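User: I would like to learn how to read burial, helices, contacts and cores in a model of two chains. Please take one feature at a time.

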Amino acid sequence: MELALIALLGGCLALDATSVGQFMLSRPLVAGALTGWMLGDPALGLLIGTVLELYLLVSFPSGGARFPEGTTATVVAVATASASSAPGALPVAIAIGLVWGQVGGFSITALRRANGFIVPEPADSRADARRVAAAHLGAVGLDFVRGALITGTGVAIGRLMILRLAEAWPIGERESFALMLAGGAVSVGILLHDLGGFRERRVLFVAGLALGIVGVRLL
Amino acid sequence: MSALSRRAITSIFLRSFLIQGSWNYHTMIGTGFAFAMLPGLKRIFDDDQESMDASVRRHLDHFNAHPYLANVALGAALRLEADSTDAQTVRRFKTAVRGPLGGLGDSLVWAAWLPAVSLTALALWWLGLPGWVVVGVFLAVYNAGHLTLRIWGFRAGLRDGRDVARTLGEARLAQLGARIQSIAALLVGVLAGVVLAGRGGLSEAGLPWLVLAIVCFVVGLFGGHRVWRPTAIAIVGAIALISAWGVLP
């Protein structure tokens with residue numbers, strides 16, 4: 001029952017990524033919090049959502065670009081981590097989530113190819129309002145099913161794997177979290193690169209760095 | 001415009017939220033565009049089923065733009081159809097605006113607004129604000145900008161029709177994007193600062209982890225997007241190796 005509910009949540013959130021609205025409910029930060037809340041552990045959901053938001057800062061649904069599906073990655077990671085209280089639950093769940101996010105990305109590419117066969121051709125004389133609406137809404141429905149199936153499968157596999165892997169995790173929680181943060185630092189670097197690079201943005205970056213350190217000390 | 005009721009216009013605006021619903025590599029968001037136009041076309045062509053179907057087919061053509069700024073083209077195309085503009089002009093207009101609306105939207109929203117709001121939310125979380133506040137701030141701030149852009153674009157298109165390009169130029173969206181990018185660069189620094197110095201942050205984990213994070217940051221800074229996937233694979237690989245080390249007797 002719980003797996004079905006998680007799959008439904010994954011399907012709904014996957015819709016937000018491209019097909020419906022793009023209110024950013026599908027971003028890891030929000031998807032993590034929602035999944036954690038659904039599973040009774042919002043703090044875990046938010047922690048994983050934050051780490052994956054850091055990783056996926058530079059991933060957005062721009063045009064036809066193939067991107068790792070952050071929603072699937074997050075829902076799968078949170079639901080997988082919630083199945084274990086071992087110290088390795090966080091890093092192992094995040095790794096599973098990242099791998100499954102790629103699978104989600106490939107499924108989006110496949111869906112977009114399939115949509116090419118569903119939508120009516122502009123030159124087709126039989127294309128009318130009813131056929132256009134049916135094809136379009138059918139494609140939205142297909143995206144929901146895709147999101148739910150990918151999420152459900154990912155959680156089922158992830159929960160099987162984590163029970164074995166997380167128990168035997170040999171390094172401490174603090175070091176594990178630092179490893180996750182170090183990985184996320186790459187995305188932060190890429191983002192600064194996208195924003196103009198260090199040479200162009202060094203004054204703003206250093207000012208922000210000082211502000212962040214002082215802010216932490218004051219609060 | 002008299003042919004269009006307030007209800008039809010509202011319905012088209014609401015349908016614009018589904019414009020990417022049938023995204024495909026052939027017509028991209030063409031079907032979504034036609035789907036959104038349907039309530040308006042039904043009102044405009046009323047009993048003339050043949051003209052209505054021909055217009056629907058024209059709007060099925062290949063079209064792509066940023067999903068939020070596609071509303072500019074949607075509103076303008078609706079205005080052109082309501083003014084009985086000839087089919088070739090409508091087609092030429094859509095072809096002319098799709099590139100600028102895509103590029104402008106990508107640089108304003110995906111490359112500036114979304115990262116800026118995400119960075120703010122992440123920094124707030126690291127500063128210790130309650131999770132529901134962080135998520136609430138993220139959704140409220142991001143969607144304030146998102147909905148403003150959608151509503152403004154749709155109204156501008158509907159009001160100005162073919163002349164909407166001038167309105168777009170006067171709105172100085174590219175300059176706005178550049179300003180938000182500057183703020184985002186400051187926020188990258190803020191986030192780096194709170195992650196370094198905050199509770200549970202890198203400074204508490206020890207020097208080797210701090211050095212590793214700085215090296216990773218520099219790799220991302222100079223490598224750009226092409227290093228994202230190899231790094232993700234490396235992180236997953238490292239976790240797999242550490243797990244295997246623990247599992248092995």
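Analyst: Start with burial. A residue is buried if 20 or more other C-beta atoms, placed from the backbone, lie within 10 Å of its own, exposed if 12 or fewer, and partly exposed in between. B:E170 has 9 other C-beta atoms within 10 Å, so B:E170 is exposed. This residue lies in helix α7 (residues 164-171) of chain B. From B:E170 to B:A76 the C-alpha distance is 16 Å, with their positions 94 residues apart in sequence.

User: What should I know about the model before going further?

Analyst: It is a predicted model, in which local features need pLDDT of at least 70, side-chain atom pairs count only at pLDDT 80 or more, and totals for chains, interfaces and linings use all residues. Residues are numbered from 1 along each chain as its sequence is written, while chains are lettered from A and ligands numbered from 1 in the order in which they are written.

User: Is A:V119 buried or exposed?

Analyst: A:V119 has 26 other C-beta atoms within 10 Å, so A:V119 is buried. A:V119 sits in the loop between α5 and α6 of chain A. A contact means that the C-beta atoms of two residues, placed from the backbone, lie within 7 Å. Neighbours within four places in sequence aside, A:V119 is in contact with A:A135, B:S22, B:N24, B:T27 and B:T31. A:V119 and A:G138 are 19 residues apart in sequence, and their C-alpha atoms are 9.3 Å apart.

User: How many helices and strands are there in chain B?

Analyst: Helices (H or I, at least four residues) and strands (E, at least two) are DSSP runs, numbered from the N terminus. Chain B has 11 helices and 0 strands. Chain A has 8 helices and 0 strands.

User: How do I check the length of a helix?

Analyst: The expected span is 1.5 Å times one less than the number of residues. Helix α1 (residues 2-17) of chain A has 16 residues and should span 22 Å; its end C-alpha atoms are 23 Å apart, which agrees. For α3(A), with 14 residues, the expected span is 20 Å, and the end C-alpha atoms are 20 Å apart, which agrees.

User: Which residues of α1(A) are buried?

Analyst: An α-helix has 3.6 residues a turn, so residues three or four places apart point the same way. In α1(A) the buried residues are A:I6, A:A7, A:L9, A:G10, A:G11, A:L13, A:A14, A:L15 and A:A17. Their cover includes α2, α4 (70-81) and α6 of chain A. As for α3(A), 13 of its 14 residues are buried.

User: How do I read the overall form of each chain?

Analyst: The radius of gyration is taken over C-alpha atoms, and the globule rule is 2.2 Å times the number of residues to the power 0.38. Chain B has a radius of gyration of 24 Å, whereas a compact globule of 249 residues would have one near 18 Å. Along the principal axes, the C-alpha atoms of chain B fill a box of roughly 75 × 40 × 35 Å. The box for the C-alpha atoms of chain A is roughly 65 × 50 × 25 Å. Buried residues make up 51% of the 249 in chain B and 58% of the 219 in chain A.

User: How many residues does the contact take from chain A and from chain B?

Analyst: The contact takes 87 residues from chain A and 88 residues from chain B. On the side of chain A that touches chain B, α7(A) gives the most, with 18 residues. That side divides into 57 nonpolar, 20 polar and 10 charged residues. Here Ala, Val, Leu, Ile, Met, Phe, Trp, Tyr, Cys and Pro count as nonpolar, Asp, Glu, Lys and Arg as charged, and the others, Gly among them, as polar.

User: Where does the largest nonpolar core lie with respect to the domains of chain B?

Analyst: A nonpolar core is a set of buried Ala, Val, Leu, Ile, Met, Phe, Trp, Tyr and Cys residues joined through C-beta atoms within 7 Å. The largest has 153 residues, and those with the most contacts inside it include A:V92 and B:L191. Helix α5 (residues 87-126) of chain B gives the most to this core, with 18 residues. Domain 1 (6-205) and domain 2 (206-249) of chain B both give residues to this core, so the core lies between them. The domain bounds come from an automatic or database domain assignment. The C-alpha centres of these two domains lie 35 Å apart.

User: Which residues is A:V92 in contact with, leaving aside its neighbours within four places in sequence?

Analyst: A:V92 is in contact with A:I162, A:L165, A:A166, A:W169, B:I239 and B:S243.
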